[in-house]
Amino acid sequence: MGHVRDLRLFLLSALPLAFAGLFFGGVYSYKRPPVLRKILSVPHSYGDDHNPASPQQVHISLVGEDKMRISWITESSTPATVEYGTSPTKYEFSANGTTSSYRYLIVYKSGEIHDVVIGPLKPNTLYYYRCGPASGRDFTFKTPPAQFPIKFAVVGDLGQTEWTDSTLQHIAKSNYDMLLLPGDLAYADFYQRFWDSFGRLVEPLASQRPWMVTQGNHEVEKIPVIHSKPFTAYNARWRMPFEQSGSDSNLYYSFNVAGVHIIMLSSYTDFDPSSPQYKWLEADMGKIDRKRTPWIVVLVHAPWYNTNTAHQGEKESDEMKASMEGLLYQARVDIVFTGHVHAYERFTRVYNGKADNCGPVHITIGDGGNREGLASKYEDPTPDISIFREASFGHGQFEVVNATHALWTWHRNDDSSAFVSDSIWLRSLSSDPACQCRGQR
């Protein structure tokens, strides 16, 4: 009966998807090669006690520079409480938080979504924790360092396929401090149970290191007339620390970690100069102190530079670039990570369509393992500003060694092995005398 129920729910969700396609055809307009890897659906395992209050889909995210948000879901009501400490099974501290839930159409109600912020925490320290008073599951996480070096794992358009699983296995071996994801997480596309499956799939990693994310087109899930509110599931499940940076929206925010200022932008929220997002970005960049954070990193879903034939001419790329590129250039942003295009591409430092030593490096990293497959066709000949491009699944690592230098590597998934296919040493623009930074004080 469970399979019949899920099929019925899937069909009910597929109808709105088709209906939405009539209005948002551009989102699904690119025809990709067929997917060769199985789509995963991860069921909930209750454990031996079959306890519906058992935590699942556990993930953590940084709040400020010394706190952590612990998020999880239960199938029954239970207090939002986290116990934690620096010794196994000895929980010296506890904190309480909030519980919420949401409905999507008439076919789905989420579990109880719990959010608890704990801290202050020591940097670069292993903590042990458990979620809820009746939990039989114990977890660990490590806080990021307070100063250089720091290593980020970077992956976009993750999805939940066998390729995704391969990517996550490679990331797990990289000894990273924080994961950055520029949109398109679960590829639920209106079918909310895929959000649950995704949460279970990433829990082994996302419960151990902070995952800092922004949204993509697959998180919108807005259906005219039927469900007019966008980002319902994303905002409920993946709450980021937007208030701490003065933002009024979970869709765009910034934070500092170990000498790096990271900005998360939204391709699918207004971005013109009169918009709240634009005004927030302008104010946020005006507060940056390059002596405290010598590096600036931006993540946004739709790429501003792209020589792949997929997703050309979209306003979320072209119009947002026209509106905001000047702000990033004036602030001397070092690197911009994007997704959306299901391939890898690295550009030289660029501004206004031309190579510029004081512009950011743009990197498309939308190759995490999504169900739609790879975007394998590129413009020919290759434009001079495009340095490396390849349609393969994989992930990136951005290791900031000190205030002046960082190493970027892209790791391709080739069947069961990981290869470093592209790498480059970068110098921070704040340390380049030729690029005087507005935020350098």
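Strands, labelled E, are DSSP runs of at least two residues, numbered from the N terminus. The exercises below concern a predicted model.

**Exercise 1. Locate Val297, state whether this residue is buried or exposed, and list its contacts with residues outside its own stretch of sequence.**

Solution.
1. Val297 belongs to strand E16.
2. The relative accessible area of Val297 is 1%. Buried means under 20%, so Val297 is buried.
3. Residues up to four places away in sequence are left out; Val297 then touches Val260, His261, Ile262, Ile263, Ile335, Phe337 and Phe398.
4. One of these partners, His261, is 36 residues from Val297 along the chain, and the two C-alpha atoms are separated by 6.3 Å.

**Exercise 2. Find the disulfide, give its geometry, and explain which parts of the chain the pair ties together.**

Solution.
1. The structure holds one disulfide. A disulfide is a covalent bond between the sulfur atoms of two cysteines.
2. The cysteines joined here are Cys358 and Cys435, with an S to S distance of 2.0 Å.
3. The angle about the S-S bond is -85°, and the link of Cys358 and Cys435 is left-handed.
4. Cys358 sits in the loop between strand E19 (354–355) and strand E20 (361–365), while Cys435 sits in the segment after strand E24 (417–427); the pair therefore ties together parts that are 77 residues apart in sequence.
5. Cys358 has a relative accessible area of 10% and is buried. Cys435 is buried as well, at 1% relative accessibility.
6. Another cysteine, Cys131, also counts as buried, at 1% relative accessibility.

**Exercise 3. Examine the salt bridge of Arg292 and Glu65, and explain which parts of the chain this pair ties together.**

Solution.
1. Side chains of opposite charge can pair when their charged atoms come close. The structure holds 13 salt bridges.
2. In the pair of Arg292 and Glu65, the closest N and O atoms are 2.4 Å apart.
3. Arg292 is found in the loop between helix H5 (276–286) and strand E16 (295–299), and Glu65 in the loop between strand E1 (56–63) and strand E2 (67–74); the pair therefore ties together parts that are 227 residues apart in sequence.
4. Glu65 counts as partly exposed, with a relative accessibility of 49%.

**Exercise 4. For the salt bridges Asp189 with Arg371 and Asp196 with Arg237, give the N to O distance, the location and the accessibility of each partner.**

Solution.
1. Asp189 and Arg371 meet through their side chains at 1.9 Å, N to O.
2. This pair links distant parts of the chain, 182 residues apart: Asp189 is in the loop between strand E12 (178–182) and helix H3 (193–206), and Arg371 is in the loop between E20 and strand E21 (386–390).
3. Asp189 is buried, at 5% relative accessible area, whereas Arg371 is partly exposed, at 27%.
4. The side chains of Asp196 and Arg237 form a salt bridge with an N to O distance of 3.0 Å.
5. Asp196 lies in helix H3 and Arg237 in helix H4 (residues 232–237), 41 residues apart.
6. Asp196 is buried, with a relative accessible area of 8%, and Arg237 is buried at 4% relative accessibility.

**Exercise 5. Describe the open sheet that contains E1 and E2, and the position of H3 with respect to these strands.**

Solution.
1. The open sheet has four strands in the order E1-E2-E8-E5, with antiparallel pairing.
2. E1 and strand E5 (98–100) are the edge strands, each pairing on one side only.
3. On average, neighbouring strands of this sheet are turned by 20° against each other, direction ignored.
4. E2 pairs with strand E8 (residues 112–118) over seven bridges, in the antiparallel sense. Thr74 has Glu112 in E8 as its bridge partner.
5. H3 lies across E1 and E2 and runs at about 60° to E1.

**Exercise 6. Identify the largest nonpolar core, the residues with the most contacts inside it, and the second core.**

Solution.
1. The largest nonpolar core has 109 residues, and Ile70, Phe152, Trp211 and Phe398 have the most contacts inside it.
2. H3 provides the largest share of this core, six residues.
3. Leaving aside neighbours within four places in sequence, Trp211 is in contact with residues including Ile60, Leu158, Leu168, Val202, Leu205, Trp238 and Met240.
4. A second, separate core of five residues includes Ala310, Val341, Ala343 and Ala375.

Note on methods. Residues numbered from 1 in each chain as written. Predicted model: local features only at pLDDT ≥ 70, side-chain atom pairs only at ≥ 80, totals over all residues. Heavy atoms only, no water. Disulfide = S-S within 2.5 Å. Buried < 20%, exposed > 50% of the residue type's maximum accessible area, 1.4 Å probe, protein only. Salt bridge = Lys/Arg side-chain N within 4 Å of Asp/Glu carboxyl O. Contact = heavy atoms within 4.5 Å. Pairing = 2+ DSSP bridges. Axes fitted to C-alpha atoms, helices over the stretch in contact; angles between N-to-C directions. Core = buried A, V, L, I, M, F, W, Y, C linked by side-chain atoms within 4.5 Å.
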